[in-house]
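Biologist: Thanks for sitting down with me. Could you walk me through this model, one question at a time?

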Amino acid sequence: MPENETWDYTLYIPNDLRAVTVCRRTLRLILMMHGLIGLVDTAELLAAELVSNAVRHTKGPAALRVRRTAEGVVWIGAWDTDPSPPEPPRPLGQAVESEEGRGLGLVVACADHWGWQPSARFGDRGKFVWCELGGGVQSPPHRPAAARTGRCPAGG
């Protein structure tokens, strides 16, 4: 595979918790087919958290988007029909014991960079909540590496 190979996949899903497993397995296959096996565990964890939030907290369809930039960054995003910003992430140390509310804490702990942006699909207003892995992306100013609140359970 060329080092600067770029690609972009989008998987549109119904509002169904079973779609989380479909997204995880699809993402695993995409990354393996592109020779990025080292990112699979962390990427699956992050995608599952993002898609799970999209399905649990909205009533409409959702989508998983994964792409690789020329710089080697893997971008993972979940789109949903709620244009409201996501709840601020809870520190992973506080959220790890909880059954709910840990999703963005895991994303903060495991991703190189994350954020959200308003977006539209199928004529519906909504948002993308996204994260990035690899490619030497520096931590954003609002989340320096020293400020991480926990370690990524996937080994990131």
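Biologist: Let's start with the surface. How much area does the protein expose, and what share of it do carbon and sulfur atoms supply?

Modeller: Happy to help, and a word on the source: this is a predicted model, in which local features need pLDDT of at least 70 and side-chain atom pairs count only at pLDDT 80 or more, while totals for chains, interfaces and linings use all residues. Residues are numbered from 1 along each chain as its sequence is written, and side-chain values use heavy atoms, with hydrogens and water left out. Accessible areas come from the Shrake-Rupley method with a 1.4 Å probe, and for residues only the protein chains shown count as cover. The protein exposes about 8,300 Å², and the share from carbon and sulfur atoms is 52%.

Biologist: What share of the residues is buried?

Modeller: Buried means under 20% relative accessible area, exposed means over 50%, and partly exposed is in between (1.4 Å probe, protein chains only). Counted over the 156 residues in the protein, the buried share is 42%.

Biologist: In what order do the helices and strands run from the N terminus?

Modeller: Helices (H or I, at least four residues) and strands (E, at least two) are DSSP runs, numbered from the N terminus. There are four helices and five strands. Read from the N terminus, their order is β-α-α-β-β-α-α-β-β.

Biologist: Of the contacts with a separation of 6 or more, what percentage joins residues 24 or more positions apart?

Modeller: A contact means heavy atoms within 4.5 Å. Among contacts with a separation of 6 or more, the part from residues 24 or more positions apart is 67%.

Biologist: Which element supplies the largest share of the largest nonpolar core?

Modeller: A nonpolar core is a set of buried Ala, Val, Leu, Ile, Met, Phe, Trp, Tyr and Cys residues joined through side-chain atoms within 4.5 Å. The largest one has 36 residues, and L27, L31, L50, V51, I76, V107 and C131 touch the most other members. At least two residues come from each of β1, α1 (18-33), α2 (40-56), β2, β3, α4 (103-110) and β5. With 10 residues, the largest share belongs to α2.

Biologist: How many of the residues of α2 are buried?

Modeller: The expected span of a helix is 1.5 Å times one less than its number of residues, so the 17 residues of α2 should span 24 Å, and the 23 Å between its end C-alpha atoms agrees. This helix is mostly covered, and its buried residues number 14 of 17.

Biologist: N53 caught my eye. Is N53 buried or partly exposed?

Modeller: N53 lies in helix α2. Leaving out residues up to four places away in sequence, N53 touches G103 and L104. Its relative accessibility is 25%, so N53 counts as partly exposed.

Biologist: Now to the cysteines. Which cysteine sulfur is nearest to that of C131?

Modeller: A disulfide is a pair of cysteine sulfur atoms within 2.5 Å, and the structure holds zero of them. C131 is in no disulfide, and at 9.0 Å the nearest cysteine sulfur is that of C110.

Biologist: Is C131 buried or exposed?

Modeller: Beyond its neighbours within four places in sequence, C131 is in contact with several residues, including L46, L50, I76, V107 and W114. At 0% relative accessibility, C131 counts as buried.

Biologist: How many salt bridges are there?

Modeller: Side chains of opposite charge can pair when their charged atoms come close. A salt bridge is a side-chain nitrogen of Lys or Arg within 4 Å of a carboxyl oxygen of Asp or Glu. By this rule the count is five.

Biologist: How far apart in sequence are the parts that D8 and R65 tie together?

Modeller: D8 forms a salt bridge with R65, with the closest N and O atoms 2.4 Å apart. D8 lies in strand β1 (residues 7-13) and R65 in strand β2 (residues 62-68), so the parts they tie together are separated in sequence by 57 residues.

Biologist: And which strands hold D80 and K127?

Modeller: The side chains of D80 and K127 meet in a salt bridge at 3.1 Å, N to O. D80 counts as buried at 5% relative accessibility, and K127 counts as buried at 6%. The pair ties together parts 47 residues apart in sequence, since D80 lies in strand β3 (residues 74-80) and K127 in strand β5 (residues 124-133).
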